[in-house]
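Visitor: Hi, could you walk me through this one? I'm new to reading structures, so plain words please.

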Amino acid sequence: LMLLHSRHGAIKRALFLARKRCDRSQGLSVVSASCRTVVYKGLFTARHVADFYWDLADPDFETSFAIFHQRYSTNTSPAWKTAQPFRVLAHNGEINTVRSNRMWMGARERAGESQLWGERLQDLSPWVEPALSDSGSLDNVFELLLRSGRRLDHTKEMLIPAAWENVVDMDPDLRAFYEYHAFYGEPWDGPAAIVATDGVSLLAGLDRNGLRPARWTMSPEIFLVASEAGVCPEEEARARRTGQLGPGESVFFDGVSGEIRLSDEIKVRLSNMAPYRDWVSSETLYVQQPFDDLADDRFDAEKLCRVFGYTAEERRMILAAMAEGKTPTGSMGNDTALAVLADNPRRLTQFFQQAFAQVTNPPMDPIREHFVMSLRTYMGRRASMLEENPGVAHVMELSSPVLSDAELEHVLHNDEERFSSRWIPAVFAASEGPEALKPALDALCEEAASSVRQGVSIIILSDREVDAEHAPIPIMLAVSAVHHHLIDAGIRMMASIVAVSAEPRDSHDLACLIAAGASAVNPYLAIDQVRALADAGIVKIDPVAAQENFRSSLQTGLLKVMSKMGICTVSAYRGSE
């Protein structure tokens with residue numbers, strides 16, 4: 001059986017390569033190119049499937065399993081290519097993080113490595129085909145991991161993991177499994193119920209929120225999973241056992257042994273595949289340091305406040321409230337002029353407005369659903385998602401993307417060579433006027449790329465160097481320019497970007513920087529102003545507590561922004577634009 005399985009694996013990979021080449025060179029969309037499965041799809045109602053495909057009406061035509069999907073197109077124009085099911089899965093729901101997922105997969109493709117594929121890895125391009133739906137993009141990545149040697153249940157937990165970050169009583173080995181796989185990349189997050197096959201076995205699973213139904217029925221001869229009861233009354237009437245998948249749960253049918261495994265058994269097997277706990281404990285650097293009560297003399301706060309437009313009203317209504325741990329609230333009607341039409345200069349982030357998830361999603365509550373949300377942040381060089389070894393855990397882990405000054409110093413001066421950093425001023429010559437901005441931005445991008453090629457894994461973009469001779473490059477512009485320059489150079493996965501800036505002071509600023517590609521942000525001037533409010537007695541609270549309250553308020557606001565998009569983890573929001 002092992003020999004046969006290995007042989008079929010080689011055949012599957014050969015067919016996968018052939019189909020990729022055909023898709024790429026001929027502009028075709030090959031639906032089935034498998035030694036195990038046939039995909040039947042079309043633009044017609046379900047009752048006409050057998051009329052169109054006579055195989056399905058032939059009594060001599062038999063199969064050990066079938067995946068069936070019926071829906072009207074909701075987030076794409078109806079097209080045969082995007083009709084479900086796809087090559088390995090069918091998906092009910094929406095992937096809210098798909099823009100971020102596609103962008104990061106493009107970056108991973110340029111930096112991909114695989115002993116299994118060797119020189120043929122380049123023939124798999126593109127990893128995610130253009131002009132597909134969110135479901136189609138997920139299918140592309142799911143199939144890539146399966147053909148690269150991942151198991152079906154393993155692939156699901158890599159791409160659509162259960163919530164684990166805030167589960168205090170989780171088994172340590174299982175926690176290490178999830179933490180290790182979070183180092184590969186972001187979840188494909190959103191309401192999702194999937195059914196997938198590798199051609200032999202089958203799996204059904206839900207996203208971490210469990211916002212789509214998946215009910216299962218076990219009869220003497222059939223195991224059935226469907227989004228509702230009553231799809232096959234004859235078999236359901238003979239049910240020996242029934243159940244419903246909960247948030248993050250899966251059910252697995254082993255096509256070789258005939259076993260059916262529920263979620264707990266699946267996860268125990270996965271957590272024992274490798275010594276993930278040892279790898280995480282020995283390789284990962286944790287950074288979590290609170291604020292201190294020392295005044296900052298590294299910059300002239302009064303002058304910088306004038307440069308970056310801090311106002312008395314901002315201090316009184318926004319920063320003071322955040323220092324007390326409150327979320328600033330405004331009126332229901334915002335009559336502030338649009339930034340593009342304003343007479344006075346506005347921060348670049350104010351030219352951007354929040355986007356919202358599709359109307360088909362149930363609303364998320366970041367307070368009552370905090371269990372499934374996470375701000376854990378990982379920095380450093382990221383490993384290829386097609387390999388599995390201890391080096392994957394060579395990352396720096398932060399509990400939040402908001403850096404205290406002490407955490408920034410730790411990032412700068414840690415003793416780990418693999419986390420070397422480069423501090424790059426994000427400024428341009430003030431005397432040369434606005435025309436100097438573009439050349440300075442180009443030079444900034446080139447210096448960042450050169451640093452990464454030299455082995456630097458953390459790029460720190462700073463506007464602390466602003467003075468009479470140097471004007472600040474808007475930090476969101478600097479972050480996004482470097483982010484895309486590194487993607488185009490094929491080295492984005494080799495480094496993380498940290499923004500050290502006086503410009504951000506509210507959760508919208510923070511969200512814009514992370515959406516533009518920043519891994520972490522140190523809003524040093526806003527922190528200084530919060531501390532000054534406490535020192536002056538304007539805020540009746542200890543300066544250290546005021547700074548931590550400010551960070552907490554920023555994090556709460558960021559979670560609110562993410563929840564409007566239906567996104568649970570900051571890693572899946574990063575780079576989403």
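Visitor: Okay, which residue in β7 is the bridge partner of Gly 205?
Guide: In β7 that partner is Ser 250. Before we go on, this is a predicted model, where local features need pLDDT of at least 70 and side-chain atom pairs count only at pLDDT 80 or more, while totals for chains, interfaces and linings use all residues. Residues are numbered from 1 along each chain as its sequence is written, and side-chain values use heavy atoms, with hydrogens and water left out.

Visitor: What do the names like β7 stand for?
Guide: Helices (H or I, at least four residues) and strands (E, at least two) are DSSP runs, numbered from the N terminus. Two strands pair if DSSP finds at least two bridges between them.

Visitor: So which way do β3 and β7 pair, parallel or antiparallel?
Guide: Antiparallel: β3 (residues 202-206) and β7 (residues 250-253) pair over 4 bridges. Another partnership there is Leu 203 with Phe 252 in β7.

Visitor: Is β3 buried or exposed?
Guide: β3 is mostly covered, with 5 of its 5 residues buried. Buried means under 20% relative accessible area, exposed means over 50%, and partly exposed is in between (1.4 Å probe, protein chains only). Leu 202, Ala 204 and Leu 206 are buried on one side of β3, and Leu 203 and Gly 205 on the other.

Visitor: Why two sides?
Guide: In a regular strand, side chains alternate between the two faces of the sheet.

Visitor: How many bridges join β2 to β3?
Guide: There are 5, and the two strands run antiparallel. Val 195 sits opposite Ala 204 in β3. The hairpin of β2 and β3 has 4 residues between the strands, and Gly 199 there takes a positive phi near 100°.

Visitor: And what does β7 do with β8?
Guide: β7 and β8 form a hairpin with 6 residues between them, and Gly 258 in the turn has a positive phi of about 85°. Their pairing is antiparallel over 3 bridges, with β8 covering residues 260-262. Val 251 has Leu 262 in β8 as its bridge partner.

Visitor: What about β1, where does that fit in?
Guide: β1 pairs with β2 (residues 192-197) in the antiparallel sense over 5 bridges, and Leu 89 stands opposite Ala 196 in β2. Since 4 of the 5 residues of β1 are buried, the strand is largely enclosed by the rest of the structure.

Visitor: Where is Thr 97?
Guide: Thr 97 lies in the loop between β1 (89-93) and α3 (98-110). Thr 97 is buried, with a relative accessible area of 1%. Not counting residues up to four places away in sequence, Thr 97 touches Pro 187, Trp 188, Asp 189, Ile 567 and Ala 572. Touching, or contact, means heavy atoms within 4.5 Å.

Visitor: Switching topic: in what order do the strands of the open sheet come?
Guide: The order is β12-β14-β16-β17, so to speak a row of 4 strands with parallel pairing. The edge strands are β12 (421-425) and β17 (520-522), each pairing on one side only. From one strand to the next, the twist averages 20°.

Visitor: Which helix packs on that sheet?
Guide: Helix α12 (residues 405-413) does, touching β12, β14, β16 (496-500) and β17. The direction of α12 makes about 115° with that of β12. Axes are lines fitted to C-alpha atoms, for helices over the stretch in contact, and angles run from 0 to 180 degrees between N-to-C directions.

Visitor: What do the buried residues of α14 pack against?
Guide: They pack against α3, α13 (437-453), β14, β16 and α15 (507-515). Among those buried residues are Ile 475, Val 479 and His 483. Just after α14, Gly 490 takes a positive phi of about 75°.

Visitor: How many residues of α4 are buried?
Guide: 14 of its 14 residues are buried. After α4 comes Gly 149, whose phi is positive, near 105°.

Visitor: Last one: how many helices and strands does the chain have?
Guide: The chain has 18 helices and 17 strands. Of its 577 residues, 52% count as buried. The C-alpha trace spans about 85 × 50 × 50 Å along its principal axes.
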